[in-house]
Amino acid sequence: MSARVVVGITGASGAAVAVRVVEMLREAGTETHLVVSRWGRATLEHECGMGVRDLAPLVADIHSNGDMAAPISSGSFGVDATLVVPCSARTLGSIAAGTGDTLVARAADVALKERTRLVLAVREAPLSSIHLRNALAVSEAGGVVHPIVPTFYARPASVAELVDDIAARLVALCGVRSPLRRWGVDLGIDPRGDAQNRTGDPS
Ligand SMILES: Cc1cc2nc3c(=O)[nH]c(=O)nc-3n(C[C@H](O)[C@H](O)[C@H](O)COP(=O)(O)O)c2cc1C
């Protein structure tokens, strides 16, 4: 049976990561339920020149962010993982407060109450104390807060590679095996050599 994953796209920068996540989930045979907020649509258009309809062939269903009667609004629907990518500070706040005022926030609330995987790819900088407190509240409630940050040690040759790396990590956090796992890279660092430097022991 394929994994059932909710992907929420909200109005933060990083829509390209969301697009790659949806593509990777498709490659992995996941049943993806997509919700895009109003400002998520705007950033998708602004940053990727894409509309929500462009993602339709890759997902099982697209739900309106105002549709609280959508199946993913209920815990009994049974979802394996919920990922908000990118997650705006506004939606992070709604999730932390448990308001369930949008379908994205409600789906995240369901994930927390049902104790299923919740991953928030937060994108804001700098982070205020309010953002940090909200992230802590979600983490303490069982969610994973994975900011959209680049991993330079993988030595990405392009922005596309960098985006792929972040997307693959998020997909893996959803419990889905991604064909594009890039970590485990050879850093060319000899850990024994490092230990020698610290201890002065040449053996
Ligand atoms: C082009 C653009 C980029 C934005 N980037 C961010 C961002 O990186 N992080 C963030 O928290 N908000 C960002 N915002 C502001 C959010 O879109 C705004 O707070 C919105 O109310 C979020 O609503 P939503 O969470 O329902 O999508 C951006 C807005 C626009 C128009």
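This report describes the surroundings of the ligand in a predicted model.

## The shell around the ligand

The ligand is surrounded by 13 residues, and G11, S37, S88, T91 and R123 come nearest. By chemical character, the shell consists of seven polar, three charged and three nonpolar residues.

Two helices, α2 (38-48) and α4 (89-97), each contribute at least two residues to this shell. The largest share belongs to α4, which provides three residues.

## Polar atoms close to the ligand

Several atoms of the protein lie a short listed distance from atoms of the ligand. In G11, a backbone N or O atom is 2.6 Å from an oxygen atom of the ligand. In S88, an N or O atom of the side chain is 2.5 Å from a ligand oxygen atom. In R123, a backbone N or O atom is 2.6 Å from a nitrogen atom of the ligand. The ligand taken alone exposes 650 Å², and the protein buries 71% of that area.

## Agreement with the record

An unreviewed UniProt entry lists G11, A12, S13, S37, S88, A89, R90, T91 and R123 under "binding site". Among the residues in that entry are G11, S88 and R123; the backbone of G11, the side chain of S88 and the backbone of R123 also supply the atoms described above.

## Two serines in loops

S37 is placed in the loop that joins β2 (31-36) to α2. Its relative accessibility is 10%, and S37 therefore counts as buried, since the cut-off for that class is under 20%. Apart from residues up to four places away in sequence, S37 touches I9, T10, G11 and N65.

S88 is situated in the loop between β4 (81-87) and α4. S88 also counts as buried because its relative accessibility is 10%. When neighbours within four places in sequence are set aside, S88 is in contact with T10, G11 and A12. T10 and G11 thus appear in the contacts of S37 as well as in those of S88.

## A serine in helix α4

Is S94 buried or exposed? S94 belongs to helix α4, and S94 is buried because its relative accessible area is 7%. Beyond residues up to four places away in sequence, S94 touches T99, G100, D101 and A105. The helix that holds S94 is α4, and α4 gives the largest share of the shell around the ligand.

Conventions. Residues are numbered from 1 along each chain as its sequence is written. This is a predicted model: local features need pLDDT of at least 70, side-chain atom pairs count only at pLDDT 80 or more; totals for chains, interfaces and linings use all residues. Side-chain values use heavy atoms; hydrogens and water are left out. A residue is near a molecule or strand if one of its heavy atoms lies within 4 Å of it. A polar contact is a pair of N or O atoms within 3.5 Å; within protein, one must be able to donate a hydrogen and the other to accept it, and residues adjacent in sequence count only if both atoms are side-chain atoms. Accessible areas come from the Shrake-Rupley method with a 1.4 Å probe; for residues, only the protein chains shown count as cover. Helices (H or I, at least four residues) and strands (E, at least two) are DSSP runs, numbered from the N terminus. Ala, Val, Leu, Ile, Met, Phe, Trp, Tyr, Cys and Pro count as nonpolar, Asp, Glu, Lys and Arg as charged, and the others, Gly among them, as polar. UniProt positions are given in the numbering used here, feature names are shortened, and annotations may be inferred rather than shown by experiment. Buried means under 20% relative accessible area, exposed over 50%, partly exposed in between (1.4 Å probe, protein chains only). Contact means heavy atoms within 4.5 Å.
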